Amino acid sequence: QVQLVESGGGLVQAGGSLRLSCAASGRTFSSYAMGWFRQAPGKERQFVAAISWSGGSTYYADSVKGRFTISRDNAKNTVYLQMDSLKPEDTAIYYCASSPGKELGYGYDYWGQGTQVTVSS
């Protein structure tokens, strides 16, 4: 069974930075693309960023492009989301997800439990 465990969330002031981590187990991590999503109160879950199995391809939502960086360490079965220049509108629960495909565009079939990120103004 695939398990995804996020960590690194917290409270930060606007303009600050956080790095989220997602530790994966239960499938060959290096064989699958990964993604990050977020859900703010009263809103639908939205895509944030994705990375292919090798890290060679990445894709970002327009709202975070240039501020967030997704990366992965296949030796540690971990995907990261470096978040810089944070804004109050980045406040949400952040979820990592595992794709059934190696490259981007194949959707996601497993989800973590989420980690809260709160950005104060």
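R38, R67 and D90 hang together as a network of salt bridges. The model here is a predicted one, so read every distance below as computed from its atoms. D90 is the shared partner: R38 pairs with D90 at 2.9 Å between the closest N and O atoms, and the side chain of R67 meets that of D90 at 2.7 Å, N to O.

Where do R38 and D90 sit along the chain? R38 is in strand β4 and D90 is in the loop between β8 and β9, so this bridge ties together parts that are 52 residues apart in sequence. For the other arm, R67 belongs to the loop between β6 (58-60) and β7, so the pairing with D90 ties together parts 23 residues apart.

Are these charged residues buried or exposed? R38 counts as buried because its relative accessibility is 5%, under the 20% cut-off. D90 is buried too, at 1%, and R67 is buried with a relative accessible area of 11%.

A search of the whole structure turns up four salt bridges. Outside the network there is the one between the side chains of D109 and R27, at 3.0 Å, N to O. D109 is in the loop between β9 and β10 (110-111) and R27 in the loop between β3 and β4, so the contact ties together parts that are 82 residues apart in sequence. D109 is partly exposed, with a relative accessible area of 34%, and R27 also counts as partly exposed, at 21%.

Here are the three bridges discussed so far:

| Salt bridge | N to O distance |
|---|---|
| R38 with D90 | 2.9 Å |
| R67 with D90 | 2.7 Å |
| D109 with R27 | 3.0 Å |

Now for a charge without a bridge. E6, in strand β1 (residues 3-7), is buried yet has no salt bridge. Which side chain of opposite charge is nearest to E6? That would be R45, 7.7 Å away, and a salt bridge needs a nitrogen and a carboxyl oxygen within 4 Å, so R45 does not qualify.

What the E6 side chain does have is backbone nitrogens to talk to. A polar atom of the E6 side chain lies 2.8 Å from the backbone nitrogen of C96, and the E6 side chain also reaches the backbone nitrogen of G114 at 2.9 Å. Leaving out residues up to four places away in sequence, E6 touches a list of residues including S21, C22, W36, Y94, Y95 and T115.

C22 and C96 both turn up among the contacts of E6, and these two cysteines are joined to each other by a disulfide, with an S to S distance of 1.9 Å. The link spans distant parts of the chain: C22 is in strand β3 (residues 18-25) and C96 in strand β9 (residues 92-98), 74 residues apart. Both cysteines are buried. A search of the whole structure finds one disulfide.

Finally, the nonpolar core. Which residues of the largest core touch the most other members? Of its 27 residues, they are W36, L81, M83 and Y94. Elements giving two or more residues to this core are β3, β4 (34-39), β5 (46-51), β7 (68-73), β8 (78-83), β9 and β11 (115-120). Strand β3 gives the most, with four residues. Two of the names in this group, W36 and Y94, were met above as contacts of E6.

Definitions and conventions
Residues are numbered from 1 along each chain as its sequence is written. This is a predicted model: local features need pLDDT of at least 70, side-chain atom pairs count only at pLDDT 80 or more; totals for chains, interfaces and linings use all residues. Side-chain values use heavy atoms; hydrogens and water are left out. A disulfide is a pair of cysteine sulfur atoms within 2.5 Å. Buried means under 20% relative accessible area, exposed over 50%, partly exposed in between (1.4 Å probe, protein chains only). A nonpolar core is a set of buried Ala, Val, Leu, Ile, Met, Phe, Trp, Tyr and Cys residues joined through side-chain atoms within 4.5 Å. Lys and Arg count as positive and Asp and Glu as negative; His and the chain ends are not counted. A polar contact is a pair of N or O atoms within 3.5 Å; within protein, one must be able to donate a hydrogen and the other to accept it, and residues adjacent in sequence count only if both atoms are side-chain atoms. Contact means heavy atoms within 4.5 Å.
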